[in-house]
Amino acid sequence: MLKKRVTSILAASLSLALFGQLSPAFAVTTSPASTSQQAATSAISVYGIHLGMSTAQVEQILGKPVRKDPSHTGVEWWIYNKDLNNYIQVGIQNAKVVTLFTNGAKLNLKGVTIGTTTTALQNAWGAPKSTLAITPTLNISNNTMSHPTYMLNNQTVTFSIDQLGGNKVAGVRISTPEHFATIAMGLMYPITYTRLPAQPQLTDAQIKQAALAYEKESFDLLNVARTRAKLPILSWDEKVATVARSHSNDMAQNNYFNHTSPTTGSPFNRLQHAGILFGYAGENIAYGQLDGIEVHIGWMNSAGHRQNLLNDKFKQLGVGVVFKEGRPYYTQNFVTR
């Protein structure tokens, strides 16, 4: 069969890094005993968790999750966020771990930790293969140090890189090749394939629940970043989140991507119309990133968005995510009431 090539949609994002005052002028070791034992020994472990573990094993090590978040990628994310400095998401499918993400302080993969430079990462793991075979029927390309994926013992390891923070490791996503193949395009890798993996078939209600989950994951990851920067964490504001969801929905339904809506005006107009009195306000928007993890990393790698994320003047946050044709629109509204 001839190979086909699909180029990933480029995610665009803008930032309104200005603050609005309430005034008319508004100024982002292996044992040969069994195959399963071999697999467990060779598996990459993070916080004691590795691919293939059962849900019972995960609970034995980490306890019960704070939340169980649905997704649009076929996994249920178990969220452990009580200690923001040791944040971890564990992706469950068919009662087994098929993926995980962490930006926790105890991460150590072959000497690579949070804050390791890309130079040190490359020394430890080697240069990422520009074209990498994920499964027998799917390859990724444009695999670079800006968002590198490696294969180790039949596991995919994708490092998140904080480019604006000195090109340092900011997190890691570990997945089975089969799961990675379903999300490769959402990670913005061009892919070459002879057969695409099946995608989950979800109802509209399930998509909406996934969107709500990505809102909370985006919120969690923002507060992880603020904790690392020694800034006060933000509180969730549901009324502000309603404004953010409305703007994401407006962009999705009316096919535009901008802070200014043809019908609702600026972010400050929308907040005021909702009766939200604020001393400071800001907005981040994005489109097409896979999930709450990827949109957060994208915003952190954009100067204007990062300024909003790490602004010490903001106190509350609402996030709104709306899907259209399998792709999410994201809006973050920051305020100080």
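Accessible areas here come from the Shrake-Rupley method with a 1.4 Å probe. On that basis the protein chain exposes about 14800 Å², of which carbon and sulfur atoms supply 53%. The model is a predicted one. Of the 337 residues in the protein chain, 51% are buried. The chain holds nine helices and 16 strands.

## The sheet and its helices

Seven strands form an open sheet with antiparallel pairing, in the order 3-4-5-6-11-10-9. Strand 3 (67-69) and strand 9 (149-152) are the edge strands, and each of them pairs on one side only. From one strand to the next, the twist averages 25°.

At one edge, strand 3 pairs with strand 4 (residues 76-80) in the antiparallel sense, over three bridges. Within this pairing, Arg67 stands opposite Ile79 in strand 4. Helix 5 (residues 204-228) packs on the sheet and touches strand 3, strand 4, strand 5 (88-93) and strand 6 (96-102). The direction of helix 5 makes about 125° with that of strand 3.

Helix 3 (residues 118-125) lies across strand 9, strand 10 (155-162) and strand 11 (168-175). Relative to strand 10, helix 3 runs at about 160°.

## Salt bridges

Side chains of opposite charge can pair when their charged atoms come close. A search of the whole structure finds ten salt bridges. Three of them are set out below, with the distance between the N and O atoms.

| Pair | N to O distance |
|---|---|
| Lys64 and Glu59 | 3.3 Å |
| Arg67 and Asp220 | 3.1 Å |
| Arg173 and Glu294 | 2.9 Å |

The salt bridge between Arg67 and Asp220 joins distant parts of the chain, with Asp220 in helix 5 and Arg67 in strand 3, 153 residues apart. Asp220 has a relative accessible area of 6%, and it therefore counts as buried, the limit being under 20%. Arg67 and Asp220 also belong to a network of salt bridges that includes Asp69. Arg67 thus appears both in this network and opposite Ile79 in the strand pairing.

The salt bridge between Arg173 and Glu294 likewise links distant parts of the chain: Arg173 lies in strand 11 and Glu294 in helix 8 (residues 292-300), 121 residues apart. Both partners are buried, Arg173 with a relative accessible area of 2% and Glu294 with one of 10%. Strand 11, which carries Arg173, is also one of the strands that helix 3 lies across.

What is the exposure of Lys64 and of Glu59? Lys64 counts as exposed because its relative accessibility is 64%, over the 50% cut-off. Glu59, at 27%, is partly exposed.

## The surroundings of His179

His179 is placed in helix 4 (residues 177-183). Is His179 buried or exposed? Its relative accessibility is 4%, so His179 counts as buried. Leaving aside residues up to four places away in sequence, His179 touches Thr73, Val75, Val98 and Thr99. Val98 and Thr99 fall within the residue range of strand 6 (96-102), a strand that is part of the open sheet.

Note on methods:
Residues are numbered from 1 along each chain as its sequence is written. This is a predicted model: local features need pLDDT of at least 70, side-chain atom pairs count only at pLDDT 80 or more; totals for chains, interfaces and linings use all residues. Side-chain values use heavy atoms; hydrogens and water are left out. Helices (H or I, at least four residues) and strands (E, at least two) are DSSP runs, numbered from the N terminus. Buried means under 20% relative accessible area, exposed over 50%, partly exposed in between (1.4 Å probe, protein chains only). Two strands pair if DSSP finds at least two bridges between them. Axes are lines fitted to C-alpha atoms, for helices over the stretch in contact, and angles run from 0 to 180 degrees between N-to-C directions. Contact means heavy atoms within 4.5 Å. A salt bridge is a side-chain nitrogen of Lys or Arg within 4 Å of a carboxyl oxygen of Asp or Glu.
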